[in-house]
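Please open the structure in your viewer and keep the selection panel at hand. This tour suggests what to select at each stop and then says what is found there.

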Amino acid sequence: MVNALAVAKTVTDPELPMLTLADLGVLREVSEEDGHVVVAITPTYTGCPAMDTMRDDLVHALRDAGYDDVEVRTVLRPAWSSDWITDEGRRKLAEAGIAPPGSAPRRRGPIPLTLGPAVRRVSCPHCGAGETELVSEFGPTSCKSLRRCRACDETFEHFKEI
Amino acid sequence: MSFDNAYEALADAHDDSRWAFGTGFEDPLSGVDTTVPSGMDGADLSAYCLMLGDDALVFSHRLQQWITRAPELEDEVAIANIGLDLLGQARLLLARAGKADGSGRSEDSYAYFRPEHEFRNVRLAELERGDFGQLIAVLLVFSTWRLALLQALRDSADPVLAAIADKGVKEVTYHRDYAAQWAVRLGDGTAYSHERMQAGLDGIWPYVGELFTPHEIERRVGVDPSTLRAEFDDVLAQVCSAATLSVPDVEPRVGVSGRMGRDGVHTEAMGYLLAELQSVARAHPEATW
């Protein structure tokens with residue numbers, strides 16, 4: 001029997017199927033004792049509608065591998081950060097045309113207002129040019145913003161830093 | 001299980017659970033330790049979670065009413081995303097309420113089967129949908145207030161509430177920036193856009209005072225909102241200055257004998273909102289999806 005961690009590591013994200021939950025940093029821990037498997041996951045966004053599917057997928061994959069007694073726990077703290085996406089995950093995002101996130105902001109004290117468009121150095125995942133601009137902070141899913149490349153004019157998604 | 005795109009994954013015949021998100025609508029706090037910390041009253045904690053959960057649920061519903069009505073596609077997506085973040089916060093907070101008082105009441109039961117006077121949201125969240133200027137005004141005020149509140153709540157004695165707040169801070173930071181940037185764009189835009197933005201702000205300002213009026217429950221188990229006023233005023237002054245708008249100076253809308261949203265006393269708009277929000281669940285109370 002393949003060990004439970006190895007099985008859990010093959011499960012992909014329902015909305016970013018090129019990435020595994022492990023690549024995303026959503027899969028926090030897998031422990032196994034006397035056939036009882038406990039999987040801990042942390043949601044990316046509170047309203048993420050994919051959480052239930054992630055749970056189902058983990059249970060199904062482990063069941064298929066022969067683990068009948070699987071419990072999926074939600075760990076809320078520490079809150080998920082885009083910094084947890086692995087290097088492998090970042091590579092796969094870029095390959096799929098989604099610009100990977102930079103470092104998440106670390107703040108203490110009052111959070112400063114951003115009144116102009118946030119300045120970020122994001123390279124175009126299509127042509128590699130560094131000159132890109134923000135179209136909208138809110139993209140097709142909670143975790144992505146929409147940008148446009150000034151060199152090749154293509155729009156692309158950028159994984160948000162949180 | 002590796003797919004090149006989401007559609008391929010959807011069509012994967014291997015897994016019967018892929019066709020619908022949320023098959024069974026699981027408990028959002030599944031597997032989270034929800035023991036009430038010692039020294040904290042479970043009923044108080046539950047009532048407090050309902051207040052913050054109802055703010056998010058009711059305002060999320062108003063935001064959802066903008067879908068297909070926003071001025072541009074990007075804004076439609078942004079407003080929907082903000083509504084989704086708040087709905088996620090509401091799910092966790094309502095679920096926390098049902099566990100804190102030991103009733104085990106579910107998020108759906110709270111959302112769909114409570115009468116109006118049991119909702120504890122501030123009245124600002126329920127206000128009738130107006131024009132885009134009014135939306136930006138409500139969103140700016142709501143998110144500035146909620147961001148300050150969630151920041152303070154990260155130190156809550158209840159670890160579940162602290163964790164929800166921790167996550168919420170990251171999300172609401174984006175909401176506040178979105179509203180602030182639109183306020184500047186409209187306020188510092190044409191004479192006409194300035195007028196509409198200022199009218200939006202003036203129209204909702206009577207409901208601002210309520211946000212900082214502490215309820216006894218908030219004093220006991222939560223963040224006393226009166227301590228957030230200075231930060232709120234500071235942020236609003238920054239935005240209004242950049243937007244060439246004036247911070248309104250109007251009388252607050254008082255409640256009924258001093259009772260307001262936190263006491264279950266709402267505006268006329270609330271009944272219509274709940275009728276829409278609850279109609280399907282009440283027509284088919286046994287349905288699952």
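The stops below go from whole chains to single strands and residues, and end where the chains meet. Please keep in mind throughout that this is a predicted model.

**Stop 1: chain B as a whole**

Select chain B and colour it by secondary structure, which comes to eleven helices and zero strands. Read along the sequence, the pattern is therefore an unbroken row of helices, α-α-α-α-α-α-α-α-α-α-α. The radius of gyration of chain B is 20 Å, close to the 19 Å that the globule rule gives for 289 residues, so chain B is as compact as a globular protein of that length. If you turn chain B along its principal axes, its C-alpha atoms fill a box of roughly 60 × 50 × 35 Å. Of its 289 residues, 46% count as buried, and among the contacts between residues at least 6 apart in sequence, 75% join residues at least 24 apart.

**Stop 2: one residue inside chain B**

Now select B:Leu274, which has its place in helix α11 (residues 268-283) of chain B. Is B:Leu274 buried or exposed? B:Leu274 counts as buried because it has 21 C-beta neighbours inside 10 Å, where 20 or more are needed. To get a sense of distance, select B:Val160 as well: the two residues are 114 residues apart along the chain, and their C-alpha atoms are separated by 28 Å.

**Stop 3: chain A and its domains**

Move to chain A, which holds four helices and seven strands, arranged along the sequence as α-α-β-β-α-β-α-β-β-β-β. The C-alpha atoms of chain A fill a box of roughly 55 × 40 × 25 Å along the principal axes, and buried residues make up 48% of its 162 residues. Of the contacts in chain A with a separation of 6 or more, 54% are between residues 24 or more positions apart.

Colour the domains of chain A next: the domain assignment gives domain 1 as 4-74 and domain 2 as 85-103 + 118-159. Taken over C-alpha atoms, the centres of these two domains of chain A are separated by 26 Å. Where they meet, ten residues of domain 1 are in contact with ten residues of domain 2, and the side belonging to domain 1 has five nonpolar, three polar and two charged residues.

**Stop 4: the sheet of β1, β2 and β3 in chain A**

Select strands β1 (residues 27-33) and β2 (residues 36-41) of chain A, which pair in the antiparallel sense over six bridges. Along this pairing, A:Ser31 stands opposite A:Val38 in β2(A), while A:Glu32 has A:Val37 of β2(A) as its bridge partner. In a regular strand the side chains alternate between the two faces of the sheet. The hairpin of β1(A) and β2(A) has two residues between the strands, and A:Asp34 takes a positive phi near 45° there.

Add β3 of chain A, and an open sheet of three strands appears, in the order β1-β2-β3 and with mixed pairing. Which strands stand at the edges? They are β1 and β3 of chain A, each with a single partner strand, so one side of each is left without a neighbour in the sheet. With direction ignored, neighbouring strands of this sheet are turned by 15° against each other on average. Then show α3(A), which lies across β2 and β3 of chain A and runs at about 155° to β3(A).

**Stop 5: strand β7 of chain A**

Select strand β7 (residues 155-159) of chain A, where four of the five residues are buried, so the strand is largely enclosed by the rest of the structure. Strand β4 (residues 98-99) of chain A pairs with β7(A) in the parallel sense over two bridges, and A:Ile98 has A:Glu157 as its bridge partner in β7(A). Strand β6 (residues 144-149) of chain A pairs with β7(A) in the antiparallel sense over five bridges, with A:Phe159 as the bridge partner of A:Lys144. In the hairpin of β6(A) and β7(A), which has five residues between the strands, look for A:Asp153, which takes a positive phi near 70°.

**Stop 6: where the chains meet**

Finally, show both chains together: 40 residues of chain A are in contact with 48 residues of chain B. On the side of chain A that touches chain B, the elements giving two or more residues are α3 (51-64), β3 (69-74) and β5 (132-136) of chain A. It is α3(A) that gives the most, with six residues. Coloured by class, this side of chain A divides into 20 nonpolar, eleven polar and nine charged residues.

Conventions:
Residues numbered from 1 in each chain as written. Chains lettered and ligands numbered in written order. Predicted model: local features only at pLDDT ≥ 70, side-chain atom pairs only at ≥ 80, totals over all residues. Contact = placed C-beta atoms within 7 Å. Nonpolar A, V, L, I, M, F, W, Y, C, P; charged D, E, K, R; others polar. Pairing = 2+ DSSP bridges. Axes fitted to C-alpha atoms, helices over the stretch in contact; angles between N-to-C directions. Buried ≥ 20, exposed ≤ 12 C-beta atoms within 10 Å, placed from the backbone. Rg over C-alpha atoms; globule rule 2.2 N^0.38 Å. Domains from an automatic or database assignment.
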